[in-house]
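Hi,

Here is the structure I promised to send over. Have a look at it first, and then read on for what turned up.

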Amino acid sequence: MGNCCSDDGGGRSAVGGTSASQHDHNDALESFLKSRGYRGLFVQIELSLFASNLRDRDVLSKSDPMAVVYKKSKDGTLEELGRTEVVLNSLNPKWFTKLIINYQFEVVQTLVFRVYDVDTQFQNVDVKMLKLDEQQFLGEATCSLSEIISKSDRSLTLVLVHREESIKSTRSQNLGELTVYAEELSSSKTAVEIVFSCSDLEYKDLFSRSDPFLVISKIVEGGICIPICKTEVIKNDLNPKWKSVFLNIQQVGSKDNPLTIECFNFNSNGKHDLIGKIQKSLADLEKLYSSGQGENFFLPTAVGNNHHNKVLKSQLFVDCFSETVQHTFLDYLAGGCELNFMVAIDFTASNGNPRLPDSLHYIDPSGRPNAYQRAILEVGEVLQFYDSDKRFPAWGFGARPIDGPVSHCFNLNGSSNYCEVEGIQGIMMAYTSALFNVSLAGPTLFGPVISSAAQIASQSLVNGWQKYYVLLIITDGVITDLQETKDALVKASDLPLSIFILGVGGADFKEMEVLDADKGERLESSNGRVASRDIVQFVPFRDVQEFHLDLLVSNKACNRFMKGGSPLAKSLGSLRCPRQEKDFKEAFEVNLRTGYYQNQMGEESMIGKKEDDDCLGNEKRREKDEVKGFLEGLVRYK
């Protein structure tokens, strides 16, 4: 459910002995406890949500429900923690999206769950962008996290009612039920890639073959099945082979924990037909892969009071079973990787005369930063901590330097030889100086600055440097070189580079969204080449500036970013980096530096050890790890 670190402040407050509503904590005590092996007075809990008997608000179909989870403070204010996906045509949805929160024994953590029917016109919109007041309210329920945790099976069923503010009588109308299941998370970096296929599935449709898909669930205490992933639907196929599914051992619990794999025939009305099911652990599935044999599905049947399983001729096969380690952001930092910040600023005439207060480039004598300065500060002050030399390439575009032609990529520092400046303040000073040394012109072209950033990233790759680059482009208008920009982005998609485009001012930026392939359609160049991954995140600044930050204290800005507290930082956090090994396999590999470290139990562990060939000869080779989850937790992607 996205960044769910919103209760981290409470956990830290508990360690420091202060009120949960305060943000300060005792760093010294926390450091002491961690040095002794204590990880804090809280544990991470994963919540799974199910609903039943929801109201049907659609005329020609069933409701399309989505759940939203809030944390309720003592003063009654609600803080949104996350949203599930939308389940189509269902009054009894089981959501796959999970919510992860920190559970604190000594703090009453009140949760509010609201269920909405998402209107058909919004079903292709990212759930995070949905405006809830445009959706139909189906009901809400409230409980404390401790109520769920204290149950023997860690499951609590709540009655959905109208919003508290709309209840005018003591009797609440039952609007359905919501079941919340809680499970403590165990830490694991191991993930498994599995490719499933089936043979001889039964016909379930009258005039065509079945449209099968798989649902994988884990079995927990009390026999409860918790869905953890599903495959895509394959149309009209009785011998389907699905795309890879990825399971983290943390999701499953262990390789020996039982899993239920159910095969369904898809129906658009939401009533999917069960074709068959099997129960296997990950260890069992690995054995199936090794043997090359299939496993017969079964169907639970009842004859009178007797229940038995009818074995089917349909079989499930495991065509691929690959176990890998997912390195975290901290692993890569420990291995010597760095984030490098770059910035490009729009100096086109549409920004207005910098000497007039209505200009987007106006330098306020009072010291109040303009939109460009705020963006530089907020993003730069986060990333600067991960760059060792803090020398940042900075460019301008769309302006005419003194006695020169219009330039679409000029060095912000005025130099003709180098583009770097010293620190974030160096960027700010170079930006202010440039306003007095160039004439705003046009048009708005992104291609040249993207190519310049890509050249630096490419050189880093050639030299084997462990660097990942983030380019911030701040602009006030729609670009005029759309195809050239697409070509540059497609070419750069193979490089260790992500691009954050921030639109300032009141322009209509709809045309810019085509660069941000959020809907799954990757960019295509003029010669037909498709981008290997989505490297662009576009956000209008007006959508994220409804907040206040102490921009003078950079470490606070960084902390807010890491906790997901700043809307702009959340947007930066959705920059795309490769999620799966194949997504970036040929683009960027990182050698983690040699190094052992002692974990908190005092045991010796190895992180990406790169051995000295002179000492160990050919016994061990240099370990190479593809950038998988390279910016996990900081530069989150979809």
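In what order do the four strands of the open sheet run? Before the reply, one caveat: this is a predicted model, so please read everything below with that in mind. The order is S3-S2-S5-S6, and the pairing is antiparallel. Strand S3 (78-83) and strand S6 (136-144) sit at the edges, each pairing on one side only. On average, neighbouring strands in this sheet are turned by 25° against each other, if you ignore direction.

Inside that order, strand S2 (residues 65-72) and strand S5 (residues 110-117) are joined antiparallel over eight bridges. If you want a spot to zoom in on, try Lys72, which stands opposite Thr110 in S5.

Now for the charged pairs. Searching the whole structure gives 13 salt bridges. Here are some of them.

One is between the side chains of Lys255 and Glu323, at 2.9 Å from N to O. Lys255 is in the loop between helix H4 (249-252) and strand S13 (258-265), while Glu323 belongs to strand S16 (residues 306-325), so this contact ties together parts 68 residues apart in sequence. Are these two buried or exposed? Neither, quite: Lys255 has 24% relative accessibility and counts as partly exposed, and Glu323, at 40%, also counts as partly exposed.

Next come Glu420 and Arg391, whose side chains form a salt bridge at 3.1 Å, N to O. This one links strand to strand: Glu420 lies in strand S21 (residues 420-422) and Arg391 in strand S18 (residues 391-397), so the pair ties together parts that are 29 residues apart in sequence. Glu420 comes out at 28% relative accessibility, which makes it partly exposed, and Arg391 is partly exposed at 28% too.

Then there is Arg529 with Asp494, a side-chain salt bridge at 2.2 Å, N to O. Both residues are in loops: Arg529 between strand S24 (497-503) and strand S25 (536-540), Asp494 between helix H10 (482-492) and S24, so the pair ties together parts 35 residues apart in sequence. With 35% relative accessibility, Arg529 counts as partly exposed, and so does Asp494 with 27%.

Last item: Glu46, Glu183 and Lys218 are joined into one network by salt bridges that share partners.

Cheers

Conventions:
Residues are numbered from 1 along each chain as its sequence is written. This is a predicted model: local features need pLDDT of at least 70, side-chain atom pairs count only at pLDDT 80 or more; totals for chains, interfaces and linings use all residues. Side-chain values use heavy atoms; hydrogens and water are left out. A salt bridge is a side-chain nitrogen of Lys or Arg within 4 Å of a carboxyl oxygen of Asp or Glu. Helices (H or I, at least four residues) and strands (E, at least two) are DSSP runs, numbered from the N terminus. Buried means under 20% relative accessible area, exposed over 50%, partly exposed in between (1.4 Å probe, protein chains only). Two strands pair if DSSP finds at least two bridges between them. Axes are lines fitted to C-alpha atoms, for helices over the stretch in contact, and angles run from 0 to 180 degrees between N-to-C directions.
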